[in-house]
Amino acid sequence: GDPERSAASPEFPAPARAEHTITCFRSVGAELGSRLLARQAWTPGAASCDPAGGGSSPGAGARAARRQFPELQDHIRGEESNKFENGLGETVVVQVCPTQQETAALLEKVLDRKQAAAELLAAAIHQEVVLSDPALDDVAVTISTESMAVWIDPIDSTNQYIRGRGDVLPVDGIYPSGLRSALVLIGVYNRHSGEPVLGIINEPFFKEKLPARRWQSKYHWGISYGGTRLSSLSRPQLRTSPRVVLSSNEKVALQEALTPLYGQQLCFASGAGYKMLCVALGLADAYVLSEGSTFKWDSCGPHAILLALGGGMVDLSEALKSWQAGQRKPLPELTYNKPVEGALGAERWANQGGLVAYIHREHLEAVMATLAAAANTF
Ligand code: 2IP
Ligand code: CA
Ligand code: CA
């Protein structure tokens, strides 16, 4: 019943991507995801992650997912590839094998024959994780898997993960950088309507436990399905002095356009998922992004949680168009089932028009009014 549990420690160095992807994926994605889904009349099993390109080789856990959710087999996609090239020039396709020994043998190839690390990781991957969440015991929602699909980002804020800083201090509750912004993002959406239905955000580096220096994780979830809105979080209050969280790469012109609303209350943080989480936690009233630098796998899970809390996430450029045309209710929320026309590769799944994540509708309106007044400047 403890939502905080031991997570992968970043003690093993290179290749960080491989280790993190697999351990977080399996322990957090598969186990928690399946527990949540099982409560929605889905049978317990493992989730999976395939490259967004829809490559032919299944990602880690795809086999298990296919077995447990055959109707979802072509509908589980996300970021990161399961193909690795090691220091010896070999290309290895990583997957969860039938036995721990086989997985360890496979991982050893990616890890330049580092046997101890491969064995530790394989043990973590094959570990049976039992999670119970009393908040979910009373949830009685039946979701038809036939109309669902999944977006996964097994690691968001990769740069911060690789840098591995666990000592960054928060500014007014928000960590501007460091391991705290490295998150696992899982979203389930309705593949006909494109609406987010269920989201899970895991913070693998929530707390460092001394003296063992093991990291403890913390997860959050939300369901928005039909009339049901449920979350592990409570709806935050609107702040008396509003605050926005932005990418540190956000255009200066957009920052200036927001000043009439926020004054000096502009916060900067790494990680698209982390900034969305800051809004869900009430640490900021909005996350505004002017560019198409996030993808469906970044926003789907957090979006479901925001909807569950009575908020949402709009497409900034579409919302501005609607606002300026006087069509203000509702503003266009991001959807997850349609690629960007004419785009190639991962760009097909970009949130091309930027976004605004919010909890309070009236605050979204204040953001739109402020930006509309400066629309030609950014
Ligand atoms: C990235 C990551 C970056 C974010 C970018 C995402 O995903 O979240 O931190 O940029 O938009 O696509 P920023 O930190 O400027 O918000 P990934 O780490 O998975 O590539
Ligand atoms: Ca990402
Ligand atoms: Ca990623």
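Leu355 lies in strand E14, which covers residues 355-358. In this predicted model, Leu355 counts as buried, because 31 C-beta neighbours are found inside 10 Å, where 20 or more are required. Beyond its neighbours within four places in sequence, Leu355 is in contact with Leu289, Thr294, Ser299, Met313, Val314, Asp315, Leu316 and Leu334. The C-alpha atom of Leu355 is also separated by 7.9 Å from that of Glu291, although the two residues stand 64 residues apart along the chain.

One of the contacts of Leu355, Ser299, leads to a pair of helices. Helix H9 (residues 296-308) packs with H8 at an angle of about 5 degrees, and the axes are 9 Å apart. H8 is therefore roughly parallel to H9, since angles under 35 degrees fall in that class. On the H8 side the contact is made by Ala272, Gly273, Met276, Leu277, Val279 and Ala280, and on the H9 side by Asp298, Ser299, Pro302, Ile305 and Leu306. By class, the residues of this contact comprise eight nonpolar, two polar and one charged.

Helix H8 also takes part in the surroundings of the ligand. Around ligand 1 there are 15 residues, of which Thr158, Ser247, Ser270, Ala272 and Ser293 come nearest. Two or more residues of this shell are given by each of E5 and helix H8 (272-280). Ala272 thus has two roles in this description: it is one of the residues of H8 in the contact with H9, and it is among those that come nearest to ligand 1. The shell around ligand 1 holds nine polar, four charged and two nonpolar residues.

The ligand shell brings in the division of the chain. Domain 1 comprises residues 4-231 and domain 2 residues 244-377. The contact between the two domains takes 42 residues from domain 1 and 35 residues from domain 2. On the side of domain 1 that touches domain 2, the elements giving two or more residues are strands E5 (148-156), E6 (183-190), E7 (196-209), E8 (214-225) and E9 (228-231), together with helix H6 (158-163). Of these, E7 gives the most, with six residues. This side of domain 1 has 20 nonpolar, 15 polar and seven charged residues.

Both domains also contribute to the ligand site: the shell around ligand 1 draws at least three residues from each of domain 1 and domain 2. Strand E5 appears in both settings, as an element of the side of domain 1 that touches domain 2 and as an element of the shell around ligand 1.

Definitions and conventions
Residues are numbered from 1 along each chain as its sequence is written. Chains are lettered from A and ligands numbered from 1 in the order in which they are written. This is a predicted model: local features need pLDDT of at least 70, side-chain atom pairs count only at pLDDT 80 or more; totals for chains, interfaces and linings use all residues. Domain bounds come from an automatic or database domain assignment. Two residues are in contact if their C-beta atoms, placed from the backbone, lie within 7 Å. Helices (H or I, at least four residues) and strands (E, at least two) are DSSP runs, numbered from the N terminus. Ala, Val, Leu, Ile, Met, Phe, Trp, Tyr, Cys and Pro count as nonpolar, Asp, Glu, Lys and Arg as charged, and the others, Gly among them, as polar. A residue is buried if 20 or more other C-beta atoms lie within 10 Å of its own, exposed if 12 or fewer, and partly exposed in between; C-beta atoms are placed from the backbone. A residue is near a molecule or strand if its C-beta atom, placed from the backbone, lies within 6 Å of it. Axes are lines fitted to C-alpha atoms, for helices over the stretch in contact, and angles run from 0 to 180 degrees between N-to-C directions. Angles under 35 degrees count as roughly parallel, over 145 as roughly antiparallel, 65 to 115 as roughly perpendicular and the rest as oblique.
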